[in-house]
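Have your viewer open and your selection tool ready? Let's take a walk through this chain, one selection at a time.

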Amino acid sequence: MRQSTYDTGTDELEKALLISLVTDKVKRSGADPQHSIDELASLAETAGVAVVDTIMQNLEVPDKKYFVGKGKVQEVLELAEKTGATTAIFDQELSGSQVRNLEQALDMKIIDRTQLILDIFAGRAKTREGILQVELAQLSYLLPRLSGHGVNLSRLGGGIGTRGPGETKLETDRRHIRDRITELKRQLETVTAHRSLHRERRRKVGAVQVALVGYTNAGKSTLLRQLTEADVLVEDKLFATLDPTSRSLELPSGKEIIITDTVGFIQNLPHDLVAAFRATLEEAGEADLLLHVVDTSSPMRERQMKVVEEVLQQLGAGGKPTLIVYNKIDLSSEDALSLLTGGPDTIRVNAFIEQDMTQLREAIEDRILGDTIQFRIPASRGDLAALVYRVGEVMDQDTEEDFLLFNVRLNPTDMEKSGRTLEPYRVEQ
């Protein structure tokens with residue numbers, strides 16, 4: 001576990017108890033509460049927190065006042081005294097009043113899953129866009145809960161839950177916070193317009209765009225580095241990548257495409273975070289091909305894949321051409337590998353085997369270049385000949401009187417981009 005990056009006033013890690021409520025609704029959904037709290041422990045480790053114990057409570061519905069019930073609160077208090085824990089992290093989202101009641105009863109810092117994720121994002125944001133997006137998400141989350149975070153905001157020092165906007169901003173009145181949210185949205189609109197302009201330029205020059213999507217820690221950044229030799233951060237941590245990274249990738253045919261690494265998804269991804277990061281996540285919606293990277297070794301692989309698909313639907317990218325990349329096969333058991341869904345739109349890889357990366361490049365190329373189409377272009381139109389070479393793979397070229405004949409591998413997306421220009425010269429076969 002890494003040393004905390006927070007100024008907690010001591011060299012020791014902040015100690016926390018993890019608490020999860022299992023309701024009848026959760027049981028009916030088929031979700032695995034143990035996996036969820038294991039994931040919460042990984043999130044806490046990423047945030048630089050020492051988990052000293054976990055508590056799970058079963059109730060039909062959440063307790064309105066204390067979420068887990070008054071009796072369980074007493075149990076948490078006794079365990080905190082025994083372990084020296086000063087923070088309680090809940091695996092579900094709490095209301096402002098529940099936070100206030102729990103703080104008063106336990107005299108501990110109270111953090112829920114959403115706030116923990118937002119805090120990690122605040123620590124990972126490096127670009128201006130990422131910092132703006134995180135602050136917007138944090139303020140949108142905290143605004144309706146200001147009355148419930150009195151103890152958190154008044155404590156000095158630091159630790160999880162106090163990173164990002166800062167105490168001074170959060171202690172101002174709601175009107176000032178709303179003004180700040182409005183200003184952040186305005187600045188992000190400028191960023192969105194700038195990003196859209198870049199995408200439009202890429203479309204005009206016929207650049208093919210591929211996006212790496214997947215559950216957090218599935219290995220997207222590792223794949224980007226191995227495919228392109230990109231100098232990107234690779235860590236065995238949740239949300240190691242926050243700001244999107246785009247690199248040029250040369251395919252076996254010599255054609256160059258743009259491949260982008262995006263922020264990882266996670267179950268119960270905060271709505272405010274999805275909304276704030278929409279400009280960044282739109283990279284997936286604008287891509288010609290999605291590489292859905294899956295951690296094959298995860299026991300919750302199927303659930304994680306479903307979470308990714310649900311988020312993509314939210315972003316309007318649910319119907320995009322997708323290649324499922326079953327990653328980390330070297331860490332997977334034979335039983336796990338035997339259960340993988342096969343088919344033409346799947347591939348199994350170990351990111352550190354060059355042969356696998358070669359096969360992945362070929363698989364990307366097969367889906368990008370598509371069918372062979374013949375064009376008959378006047379020899380005097382050098383601009384159109386250049387366009388043919390730019391948007392597709394020229395298989396062969398011939399001449400016929402004053403015309404140039406091209407057989408080109410071109411996928412429907414590329415054809416759509418240049419269709420109005422090249423369609424009149426297409427030879428029906």
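Start in the middle of things: select Ile89, Leu116, Phe265 and Leu312, the residues with the most contacts inside the largest nonpolar core, which has 40 residues. Keep in mind as you look around that this is a predicted model.

Now colour the elements that give two or more residues to this core: strands E1 (14–22) and E5 (209–214), together with helices H2 (33–46), H5 (113–124), H6 (128–142), H11 (271–276), H12 (278–286) and H13 (301–314). Which helix gives the largest share of this core? That is H5, with 6 residues. Apart from this core lies another one, of 26 residues; to find it, select Val208, Val210, Leu249 and Leu369, which are among its members.

Zoom out for a moment to take in the whole chain. It holds 17 helices and 14 strands, and 52% of its 429 residues count as buried. If you like contact maps, note that among contacts with a separation of 6 or more, 72% are between residues 24 or more positions apart.

**Next selection: H5 and H6**

Show H5 with H6 and look along their axes, which come within 9 Å and cross at roughly 155°. Since angles over 145 degrees count as roughly antiparallel, that is how H5 lies to H6. The crossing of H5 past H6 is left-handed. To see the contact itself, turn on side chains for Thr114, Gln115, Leu118, Asp119, Phe121 and Ala122 of H5, then for Val134, Ala137, Gln138, Tyr141 and Leu142 of H6. Colour the residues of this contact by class and you will find 7 nonpolar, 3 polar and 1 charged.

**Next selection: H3 and H4**

Move to helix H3 (residues 70–83) and helix H4 (residues 96–106), whose axes come within 10 Å and cross at roughly 50°. That angle makes H3 oblique to H4. H3 passes H4 in a right-handed crossing. Pick out Val73, Val76 and Leu77 on H3, and Leu102, Ala105 and Leu106 on H4: these residues make the contact. What classes of residue does the contact of H3 with H4 have? There are 6 nonpolar residues, with no polar and no charged ones.

Stay on H4 a little longer and select its buried residues: Gly96, Gln98, Val99, Asn101, Leu102, Glu103 and Leu106. Then step past the end of the helix to Asp107, which follows H4 and has a positive phi, near 55°.

**Next selection: H10 and H15**

Now bring up helix H10 (residues 220–228) and helix H15 (residues 354–369), which pack at an angle of about 90° with their axes 10 Å apart. The two helices are therefore roughly perpendicular to each other. On H10, show Leu223, Gln226 and Leu227; on H15, show Met357, Leu360 and Arg361, which complete the contact. By class, the residues of this contact divide into 4 nonpolar, 1 polar and 1 charged.

**Last stop: Ala31**

Finish in the loop between helix H1 (24–29) and H2, where you will find Ala31. Is Ala31 buried, partly exposed or exposed? With a relative accessible area of 38%, Ala31 is partly exposed. Add Met300 to your selection and draw a distance between the two C-alpha atoms: Ala31 and Met300 are 269 residues apart along the chain, and these atoms are separated by 9.9 Å.

Technical notes:
Residues are numbered from 1 along each chain as its sequence is written. This is a predicted model: local features need pLDDT of at least 70, side-chain atom pairs count only at pLDDT 80 or more; totals for chains, interfaces and linings use all residues. Side-chain values use heavy atoms; hydrogens and water are left out. Axes are lines fitted to C-alpha atoms, for helices over the stretch in contact, and angles run from 0 to 180 degrees between N-to-C directions. Helices (H or I, at least four residues) and strands (E, at least two) are DSSP runs, numbered from the N terminus. Angles under 35 degrees count as roughly parallel, over 145 as roughly antiparallel, 65 to 115 as roughly perpendicular and the rest as oblique. A crossing is left-handed if the near helix is turned anticlockwise from the far one by less than a right angle, and right-handed if clockwise. Contact means heavy atoms within 4.5 Å. Ala, Val, Leu, Ile, Met, Phe, Trp, Tyr, Cys and Pro count as nonpolar, Asp, Glu, Lys and Arg as charged, and the others, Gly among them, as polar. A nonpolar core is a set of buried Ala, Val, Leu, Ile, Met, Phe, Trp, Tyr and Cys residues joined through side-chain atoms within 4.5 Å. Buried means under 20% relative accessible area, exposed over 50%, partly exposed in between (1.4 Å probe, protein chains only).
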